[in-house]
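Please look through the structure shown below, with the sequence beside it, before reading on. The paragraphs that follow lead from one local arrangement to the next.

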Amino acid sequence: GKKMRAHLFRFLQICLIGLSGTGPLLAQSGTRTVLVLDSLNGEAIPDVAITVDRTAHLNTDKVGRADLPWDGHTSIVVRFEHVSYRPLEIHLDGSTLEKGPWVVHMVSWDHQLRAVTVGRARPQVVFERPDLHAADLLHNDAGLWVLAYEHPRMLRSQADASQEILRDVRLVLLDTAFNEVASCPVPEDVFGLRHDLRNDVVIEGTRHAFGVGRRGKEIALRPFGLEELRHSVLPWTDSIPGWVVGSNADPTYPALDHLAFDPRRDSTRRICSVVDTFMMDLFRSEYKYMKGQDKVVAMNLAAQLGVDKVTVAGYMSGFSHNIWYRPVYAPLFVVGDTLLVFDHARWRMRKFTRSFQAVGEVPLPYQGKVEGRYWSGRLIQDRATEQIYALFNTYGTTWLRAIDPVTGALGVPFRLANNYPERVQVHAGKVYYIWRPYGSLQKRTIYRETLQY
């Protein structure tokens, strides 16, 4: 019995010594919890590969957590790697960390910005004055010309009842950065801005027209007659080498001729004729409904003028004053080496070479049943790029569609941001127009938008 108790006592001593000896070893070879987070949003990063002293050990779990084998005293190098984040290497020793989980933040390869709503840019304000309204605009090589006024003339003659007449007008020139570089007052009431075949600005006043030039930093106005403006300037719209092109359009007659004038030889050639056949038949039928005495007057005038008596009768009857009469709108545009005539009476775009030979025609889709309901009846050419646009509107919404000069097909619509814009123009791929918020005290302001397709 004594011998057995002695063996048992020795066994217990060995166990106690073993337990007391292994205590420090367990403390030194323990683990430390590490939590790996995104540096930007603080979210946990799973599947991060962790190596200690270049030896792979473990990966983080779904919540970005892992138990790192470390005794808390030994100096080690811990490396964190993830395909979406920049590698991170940290040197650890006993004084590096405090108690509790070790939080590590990794930086993403991509810098993520906060979510934003992507949309169209707001229209850019080009011209806004607290004291003046913008009435008209014209963009050419000199810059942006603005016709600004204080208030319209309320009292006007019966002949001018349908036209806006501006009083206390100033002509303002803006540079490419839309800074005002020059301005001058216009000495009389004004109808608006016009342009000649070189796209130079001309002012149409109530008593005179004014050519515009520069004298140093000042604007110089040269007055000339309104008859000269209407019969010698406005009919000629563009030019090609050796020729000036235009038309003899008369708003009271349902036909016109497109003409080319050679200033060196002082000769004129006809490019083509455009006739609204339906309106022309009605115009010429006026003779049948005239009284006998009026027919005699028409015949006598026709003999004196050398024209047809039914044409004289159409003018005598005041045919163009009927509410359903529409003047012929068939503009000619120069696009590259081709002259394009938009014959809206026949729904055709007619093409001519610079030697005035017809080379074909294509239909105009914007006059069809669908697009025709919204076409404003106006075409716009960008003189800088020679691109032609059809202008559409409905219930205040306005949009532009480019016209293919070869096929006549329409491009993708570009809708203007503001409703009920006025004086819409296009220059160098930018749309300019005048607009004022409904019911506001803001003066009429010029805005610009970039055409996007």
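Is Trp324 buried, partly exposed or exposed? In this predicted model, Trp324 is partly exposed, with a relative accessible area of 45%, a value that lies between the limits of 20% and 50% used for that class. Its ring pairs with that of Phe319 in an edge-to-face arrangement, the centres being 5.5 Å apart and the planes standing at 75° to each other. Phe319, by contrast, is buried, since its relative accessible area is 2%, which is under the 20% limit. The pair thus joins a buried residue, Phe319, to a partly exposed one, Trp324.

A second pair can be set beside this one: the ring centres of Phe333 and Phe342 lie 5.7 Å apart with their planes at 75°, and because an angle over 60 degrees counts as edge-to-face, this pair is edge-to-face as well. Here both partners, Phe333 and Phe342, are buried. Over the whole structure, a search finds 16 aromatic pairs. Phe319 and Trp324 also belong to an aromatic cluster, whose other members are Tyr253, Phe283, Tyr315 and Tyr325. An aromatic ring can also be faced by a charge, as at Tyr287, where Lys295 lies over the face of the ring at 5.3 Å from its centre.

The strands come next. An open sheet is formed by four strands in the order 8-31-30-29, with antiparallel pairing. Its edges are strand 8, covering residues 124-127, and strand 29, covering residues 422-427, each of which pairs on one side only. From one strand to the next, the twist averages 30°. Within this sheet, strand 29 and strand 30, the latter made of residues 430-435, run antiparallel and are joined by four bridges, and His427 stands opposite Lys430 of strand 30.

His427 also leads to another strand, for it is among the residues in contact with His139, which lies in strand 9, residues 133-140. Neighbours within four places in sequence set aside, the contacts of His139 are Leu144, Asn199, Gln425, His427 and Tyr432. With Tyr432 there is in addition a polar contact of 3.5 Å between the two side chains. His139 counts as buried because its relative accessible area is 13%, under the limit of 20%.

Another antiparallel pairing links strand 17, residues 236-240, with strand 18, residues 243-247, over four bridges. Among the residues of this pairing, Trp236 has Gly246 in strand 18 as its bridge partner. Two residues lie between the strands of this hairpin, and Gly242 takes a positive phi near 90° there.

What of positive phi in residues that are not glycine? Most residues other than glycine have a negative phi. Phe356 nevertheless has a positive phi near 70°, and its place is in the loop between strand 23 (348-353) and strand 24 (358-363). Glu386, likewise not a glycine, has a positive phi of about 70° and sits in the loop between strand 25 (375-381) and strand 26 (388-394). The two residues can also be read by their accessibility: Phe356 counts as buried because its relative accessibility is 7%, whereas Glu386, at 32%, counts as partly exposed.

Terms used
Residues numbered from 1 in each chain as written. Predicted model: local features only at pLDDT ≥ 70, side-chain atom pairs only at ≥ 80, totals over all residues. Heavy atoms only, no water. Pairing = 2+ DSSP bridges. Axes fitted to C-alpha atoms, helices over the stretch in contact; angles between N-to-C directions. Buried < 20%, exposed > 50% of the residue type's maximum accessible area, 1.4 Å probe, protein only. Polar contact = N/O pair within 3.5 Å; in protein donor to acceptor, adjacent residues only side chain to side chain. Contact = heavy atoms within 4.5 Å. Phe/Tyr/Trp six-rings, centres within 6.5 Å; stacked < 30°, edge-to-face > 60°. Lys NZ or Arg CZ within 6 Å of the ring centre and 35° of its normal.
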